[in-house]
Every structure is written in structure tokens, then in C-alpha cells.
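Open your viewer, choose a cartoon view and keep the selection box handy. We will go stop by stop, selecting as we go.

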Amino acid sequence: MTSDKHFHTIIIGAGPGGLACAAVLAQKGIDVLVLERSRRIGPKVCAGGVTWSGLARHLPDELVEKHFNSQHIRTGRQKTVITSPEPIISTINRENLGQWMAAKASRSGATIKTGTHVTAITEKEVITSSARFTYDFLVGADGSNSLVRRYLQIPVVHMGAGVQYLLTGNFTDMVWHLDPDQFATGYAWIFPHKDCASVGAYANRADMSPKVLQEKLHHWMAKHGMNTAGLKAEAATINFDFRGWHFGNRFLVGDAAGLASGLTGEGIYSAVCSGEAAARTIMDPVHKDVQLAKLIKKHRRHTRLLHLCGANNQFAQIILETLVAALRVKIIHFSALEMGE
Ligand SMILES: Cc1cc2nc3c(=O)[nH]c(=O)nc-3n(C[C@H](O)[C@H](O)[C@H](O)COP(=O)(O)OP(=O)(O)OC[C@H]3O[C@@H](n4cnc5c(N)ncnc54)[C@H](O)[C@@H]3O)c2cc1C
């Protein structure tokens with residue numbers, strides 16, 4: 001097999017990280033190829049929550065399923081409702097977001113090949129089952145189980161897991177349930193969409209195995225009158241083991257870089273922010289990305305808090321109850337828990 005074509009930049013993965021990177025590069029006339037193993041861009045196990053401080057304020061209204069100006073937070077001891085004049089979190093359908101981002105990148109001139117699984121990477125080439133492409137720059141936007149990250153020999157130790165059910169119906173409240181007795185350092189959620197809701201739970205795998213997390217979720221749903229009979233559980237990992245994003249002419253973005261929050265599992269904004277930062281750095285090697293620097297700072301803060309809570313259950317109870325009380329009396333803003341500023 002000989003090389004089929006040379007591209008200035010090849011991006012592996014057409015999730016939000018890869019597509020954001022592709023759009024910025026293509027807008028500047030750079031010859032960019034995105035390779036995506038799935039036939040359809042967008043579908044992904046995800047609750048579809050986007051924060052106002054992150055992505056929500058940049059999205060067109062037609063992409064938003066529901067806006068939430070209030071957040072219902074429950075712990076073992078408190079029940080509180082946080083409100084804000086702007087929507088704190090909005091929900092989007094991942095397939096619609098993916099299609100919208102792909103159309104934007106394509107319109108700008110990016111080549112996107114779907115149904116194309118990258119099976120190997122060399123210093124100069126990206127290899128799929130039917131073709132080889134050479135590159136000047138390579139971007140690994142290939143999610144939690146990144147081939148590019150493995151090629152770069154960067155290990156992954158810190159990984160979260162999320163499990164969800166999609167329940168049909170008109171749900172009105174966005175709910176977070178934080179209780180270390182039930183979900184260790186994680187939480188359960190209800191994220192309402194147009195005519196269904198993502199009901200799920202997230203936890204650091206080191207603090208609770210995915211199997212136990214799912215059992216706890218079942219118990220919690222049953223207690224709140226939600227029935228999983230006949231529904232299929234959807235589960236996936238979330239990499240938050242960040243060890244760098246820029247390695248010479250190769251980059252890692254989003255979940256491949258471990259930039260999702262280990263505390264909340266929020267990763268869509270991290271993917272977009274790091275995808276755009278990688279593109280700007282490819283175009284200008286001395287570019288200093290202020291947004292990404294802020295994101296990395298927040299990521300470190302979230303990881304520190306997570307490890308602090310994970311060290312001791314009673315300690316976690318105290319921290320979480322204090323955190324929620326501080327949110328209630330507005331000493332801290334909800335955005336402290338978000339990845340955006
Ligand atoms: C249950 C659950 C709920 C979540 N809820 C939220 C939420 O409400 N809000 C939020 O912000 N985040 C949430 N997340 C996290 C969020 O989904 C991810 O952080 C985000 O999708 C990361 O984007 P990405 O572009 O880095 O990777 P991905 O979205 O994972 O995209 C990677 C792409 O690469 C492709 N790919 C992988 N390997 C190859 C290969 N070898 N060749 C070609 N293509 C390849 C994949 O098919 C995929 O399309 C949730 C995660 C889970 C598991």
C-alpha cells in the first residue's frame with residue numbers, strides 16, 4: 001500500500017475536539033483531514049449538558065434542547081436550588097451538535113472521512129484498513145481510549161466512568177445528587193432533554209467500580225420512582241489523566257488528552273477549547289492560549305478536590321456538604337464546578 005495523499009494536518013476523531021480543531025484550521029485555508037471510525041458523526045454516550053461559562057453561550061438556539069436557569073442539588077443532608085439570570089446549563093443532542101460542527105468544518109474546507117478506522121500511526125503516516133496518509137501535524141482527538149496517546153506512550157491511570165439511561169417523558173428539573181455514601185466522589189443526575197431525560201451517574205473508577213456505580217444508580221432511580229425495565233444502559237469511560245497536550249508536531253485534545261473534569265465528567269467544553277488551542281498552535285508555534293491555560297488550571301483544581309474527597313469518606317461528606325452550602329448562600333458560584341470561566 002502506498003500513501004494515498006499528504007495533508008498538512010490529520011485529525012483522528014470527529015468528536016467536538018477534532019471538529020473544533022478542523023474548523024479553525026480550515027478557516028485559515030489549511031489542508032486538513034479528519035478521520036472518523038463511525039459512519040455517522042455525533043452519536044456518543046453523553047448526558048448532553050453544556051455549561052453557559054463553557055460552550056452554551058456560543059451555540060445557536062436551534063441546537064439547544066432545554067435551558068436551565070436553576071439547578072436542583074441534593075446531598076445526604078441538604079436540598080437546595082441554585083438560580084441564575086443566565087441559563088447555568090443547557091442540554092444538547094450530541095448527534096445534532098456533531099452534525100452542526102461537521103457542517104461548519106466542511107464548509108470551511110476540511111475533508112472529513114467517516115467509516116474510516118485508524119489502525120496504526122507512524123512518524124510520518126496514518127494508516128487505515130484501506131489507505132495511508134502522510135502528515136506534517138497530527139492531532140489525537142480520538143477520545144478516552146486514544147490510539148494517538150498510546151502511540152505517544154502516555155499512560156492513562158486516572159479514569160472516570162459514566163452510565164446513563166434515556167427515559168422518555170417531559171422532565172422539568174435538572175437534578176444533581178451528591179452523596180458519598182451512595183456515589184463515593186461521584187454523583188447521580190437528571191438532565192432533561194426535549195422529550196426525554198438522561199438519568200445517570202458518574203464516579204472516579206478508583207473510588208467506585210462501574211458495576212457498583214450501575215447498581216447504585218438502579219437503587220437511586222427506583223427510590224425516585226424511575227423504572228429501568230426494558231431500557232438499555234449506556235456506559236463509557238472519561239479520561240481525566242492530563243499529562244500534556246503538545247508533543248512537537250503531535251497534539252492530544254479533549255478526552256485523548258485527559259482534559260475532562262475528573263470531578264464532574266464535563267468534557268465537551270474541554271474538547272472544544274483544547275481542539276481550538278491545538279489549531280492555533282499549529283498555525284503559530286509561539287501562540288500562548290489563554291483559554292486553555294485557564295482550563296488546565298481548573299482541571300488541576302478539580303483533580304485535587306477529587307483526590308482529597310477520595311481519600312476519606314467522612315472527609316468527602318464534609319467537603320461536599322460545605323460546597324453545597326457555599327453554593328446555596330452564594331459564597332461560590334456554580335461556575336466553580338464548571339470547566340469554563
Ligand atoms: C455517561 C456520560 C455522560 C457525559 N455527560 C457529559 C455532559 O453532560 N457534558 C459534558 O460536557 N461532557 C459529558 N461527558 C463527557 C463527554 O462526552 C466527553 O468528554 C467528550 O465527548 C469528549 O470529546 P472528544 O472530542 O475529546 O472525544 P469523543 O467525543 O469521544 O470523540 C472521539 C471520536 O474519535 C473517534 N475515534 C476513536 N478512535 C478512533 C480511531 N482509531 N479511528 C478513527 N476514529 C476514532 C470516535 O469514534 C469518536 O467519534 C459524558 C460522558 C459520559 C460517558
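Our tour begins at the ligand: select α1 (16-27), β12 (159-168), β16 (234-239), α6 (254-257) and α7, each of which supplies at least two residues of the shell around the ligand. Please bear in mind throughout that this is a predicted model.

Now show the residues around the ligand. There are 38 of them, and the ones that come nearest are Gly13, Gly15, Gly162, Gly254 and Gly267. Colour the shell by character and you will find 17 nonpolar, 15 polar and six charged residues.

Next, move to β15 (196-204). Is this strand enclosed or open? Eight of its nine residues are buried, so β15 is largely enclosed by the rest of the structure. Select its strand partners to see part of that setting. On β12, which runs antiparallel to β15, nine bridges make the join; click on Thr168 and you will see it standing opposite Cys196 of β15. The pairing of β15 with β14 is antiparallel too, with six bridges. Here Pro192 has Ala197 of β15 as its bridge partner, and a hairpin of three residues links β14 to β15.

From β15, step across to helix α8, residues 290-310. Its 21 residues reach 30 Å from first C-alpha to last, close to the 30 Å expected at 1.5 Å a residue. Select Leu292, Leu295, Ile296, Lys298, His299, His302, Leu305, Leu306 and Cys309, which are buried in α8. What do these buried residues pack against? They pack against β15, along with α7 (268-283) and α9 (313-328). As you look down the helix, remember that an α-helix has 3.6 residues a turn, so residues three or four places apart point the same way.

Now for the largest nonpolar core, which has 99 residues. Select Ile10, Cys21, Ala22, Val32, Val34, Ala105 and Val253, the members that touch the most others. Which element gives the most to this core? That is α7, with nine residues. Zoom in on Ala105: leaving out residues up to four places away in sequence, Ala105 touches Leu19, Ala22, Ala23, Ala26, Val34, Ala110 and Ile112. In soluble globular proteins, nonpolar side chains tend to be buried together.

Two backbone stops come next. Select Ala184, in the loop between α4 (180-183) and β14 (187-192). Its phi is positive, about 50°, although Ala184 is not a glycine. Is Ala184 buried or exposed? With 20 other C-beta atoms within 10 Å, Ala184 is buried. Then jump to Lys330, in the segment after α9. Lys330 also is not a glycine, yet has a positive phi of about 65°. Lys330 is exposed, with 11 other C-beta atoms within 10 Å.

Finish at Met226, placed in the loop between α5 (210-223) and β16. Met226 counts as partly exposed, with 18 C-beta neighbours inside 10 Å. Which residues is Met226 in contact with, once neighbours within four places in sequence are set aside? Select Leu167, Val199 and Met221 to see them. For a last view, draw a C-alpha to C-alpha distance from Met226 to Thr119: the two are 107 residues apart in sequence and 41 Å apart in space.

Methods:
Residues are numbered from 1 along each chain as its sequence is written. This is a predicted model: local features need pLDDT of at least 70, side-chain atom pairs count only at pLDDT 80 or more; totals for chains, interfaces and linings use all residues. Helices (H or I, at least four residues) and strands (E, at least two) are DSSP runs, numbered from the N terminus. The expected span of a helix is 1.5 Å times one less than its number of residues. A residue is buried if 20 or more other C-beta atoms lie within 10 Å of its own, exposed if 12 or fewer, and partly exposed in between; C-beta atoms are placed from the backbone. Two residues are in contact if their C-beta atoms, placed from the backbone, lie within 7 Å. A residue is near a molecule or strand if its C-beta atom, placed from the backbone, lies within 6 Å of it. Ala, Val, Leu, Ile, Met, Phe, Trp, Tyr, Cys and Pro count as nonpolar, Asp, Glu, Lys and Arg as charged, and the others, Gly among them, as polar. A nonpolar core is a set of buried Ala, Val, Leu, Ile, Met, Phe, Trp, Tyr and Cys residues joined through C-beta atoms within 7 Å. Two strands pair if DSSP finds at least two bridges between them.
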